[in-house]
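Student: I have the sequence and the model open. Can we go through the fold, one question at a time?

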Amino acid sequence: MSSPASRRNSCRGTACGSRSSSECHVRRRGSSCSYSSSGAQTEDFSASLSQPMFTITLRFLLAIDLWLSKRLGVCACEESPWGSIRPLVRLVEFSGHVIPWLVGTLYTLLRGETVAEQEIMLNLALALLLDLLLVRVVKTLVRRRRPAQSRSDILSTFFVERYSFPSGHATRAAMCARFLLAQLVDTASMRVLVVGWAALVSLSRLLLARHYVTDVGFGLVMGYCQYGLVERLWLTWDCLQDMMLMRLRERLNRAYGGLWMADWKH
């Protein structure tokens, strides 16, 4: 017969053995889990490397675009590093808005003293309307949201659109600058002033965090190319008068034909 002391020792040995076996089992499970997780990470990394080079490059450029746009938004709000000059930057931003440009163009068109001046203002008004149409079409197709740090204020609530790509201010600034340089500006100092204004308007969109860098860059290229389309579709004053006379003749012929048919029936 075994003594009580030997029974205690055997029970302790059995308990220790079960504990050690359970600890080993846990360790094995932990080691297997860590191995499987590292294997999953390796598979994800290899999958990312297996993507097309175009996709990897595009993601890299978009990451740079987001980082640079965030760094440039130093006037997004009053608490920003350059928040003290936010009112001045907003004034520059408003100088590139479509409303003052349309109002000024239509006023000059109605008060123009010469036919050449009225012709230029007419085509500028048509160019502004064309810019609004093309920008709206591209924004509707792309549907890119504005930066998260863009702050809404009274003016932006009514005049700023939801979509960001491309920047309408940048397209308008580039198109109007090229239009003015080709049609109205003839001195070097005024040329520098016009180009500087277009650059400041485009920069204001980045400082206020209204757009990303790619929005402004594409907008400048788009606006520069839009003027080429305006030159091809240039509407002369004589052509406008001929079109108006042609429409008037068509209406008179229709009215005369309706009266003639009514008299013939009676």
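Student: Which residues form a nonpolar patch on the surface?
Tutor: This is a predicted model, and what follows is computed from it. Residues enter a patch with over 30% relative accessible area and no salt bridge, and nonpolar side chains are joined within 5 Å. Together the members here have about 430 Å² of accessible area. They are Trp82, Ile85, Leu88 and Leu91.

Student: Where is Trp82 found?
Tutor: Helix α2 covers residues 53-72 and α3 covers 86-95. Trp82 is found in the loop between α2 and α3.

Student: How many helices and strands does the secondary structure come to?
Tutor: Read along the sequence, the pattern is α-α-α-α-α-α-α-α-α-α. The count is therefore ten helices and zero strands.

Student: What percentage of the residues in the protein is buried?
Tutor: Buried means under 20% relative accessible area. The protein has 266 residues, and the buried share of them is 30%.

Student: What part of the accessible surface belongs to carbon and sulfur atoms?
Tutor: The accessible surface of the protein comes to about 18,300 Å². Of this, the part that belongs to carbon and sulfur atoms is 66%.

Student: Among contacts with a separation of 6 or more, what percentage is between residues 24 or more positions apart?
Tutor: A contact is counted when heavy atoms are within 4.5 Å. With a separation of 6 or more as the base, residues 24 or more positions apart account for 74%.

Student: How many residues of α7 are buried?
Tutor: Helix α7 has 16 residues and reaches 22 Å from its first C-alpha to its last, close to the 22 Å expected. The helix is mostly covered. Its buried residues include Gly168, His169, Arg172, Met175 and Phe179. The count is twelve of 16.

Student: Which helices do the buried residues of α7 pack against?
Tutor: The buried residues in question include Ala170, Thr171, Ala173 and Leu180. Their partners are α3, α4, α5, α8 (188-207) and α9 (213-232).

Student: Is Thr171 buried or exposed?
Tutor: Thr171 lies in helix α7, residues 168-183. Leaving aside neighbours within four places in sequence, Thr171 is in contact with Asp131, Val135, Gly219, Met222 and Gly223. Because its relative accessible area is 0% and the cut-off is under 20%, Thr171 is buried.

Student: Which residues does Thr105 touch, not counting those up to four places away in sequence?
Tutor: Thr105 has its place in helix α4, residues 98-110. At 3% relative accessibility, Thr105 counts as buried. The residues it touches are Met121, Leu124, Ala125 and Leu128.

Student: How far does α5 reach from its first C-alpha to its last?
Tutor: Helix α5 runs over residues 115-142 and has 28 residues. At 1.5 Å a residue, 40 Å is expected. The reach in the model is close to that, at 41 Å.

Student: Which residue just after α5 takes a positive phi?
Tutor: The residue sits in the loop between α5 and α6. Its phi is near 60 degrees, a positive value in a residue other than glycine. The residue is Arg143.

Student: What is phi of Ala209?
Tutor: Ala209 has its place in the loop between α8 and α9. With a relative accessible area of 1%, Ala209 is buried. Its phi is positive, in a residue other than glycine, and is near 60 degrees.

Student: Which two residues does a cis peptide bond join?
Tutor: Omega of this bond is about -5 degrees. One of the pair, Pro166, lies in the loop between α6 (154-159) and α7. The bond joins Phe165 and Pro166.

Student: How many disulfides does the structure hold?
Tutor: A disulfide is a covalent bond between the sulfur atoms of two cysteines. The cut-off used here is 2.5 Å between the sulfur atoms. The structure holds zero disulfides. Cys75 is in no disulfide, and its nearest cysteine sulfur, that of Cys77, is 9.5 Å away, so the tally stays at zero.

Student: Is Cys75 buried or exposed?
Tutor: Cys75 has 0% relative accessibility. Since buried means under 20%, Cys75 counts as buried.

Student: What separates the C-alpha atoms of His97 and Gly168?
Tutor: His97 lies in the loop between α3 and α4 and counts as buried at 12% relative accessibility. Gly168 is one of the buried residues of α7. The two are 71 residues apart along the chain, and their C-alpha atoms are separated by 8.4 Å.

Definitions and conventions:
Residues numbered from 1 in each chain as written. Predicted model: local features only at pLDDT ≥ 70, side-chain atom pairs only at ≥ 80, totals over all residues. Heavy atoms only, no water. Patch = residues over 30% accessible without salt bridge, like charges linked within 9 Å, V, L, I, M, F, W, Y side chains within 5 Å. Areas by Shrake-Rupley, 256 points an atom, 1.4 Å probe, with all protein chains shown as cover. Salt bridge = Lys/Arg side-chain N within 4 Å of Asp/Glu carboxyl O. Helix = DSSP H or I, 4+ residues; strand = E, 2+ residues; numbered from the N terminus. Buried < 20%, exposed > 50% of the residue type's maximum accessible area, 1.4 Å probe, protein only. Expected span 1.5 Å × (residues − 1).
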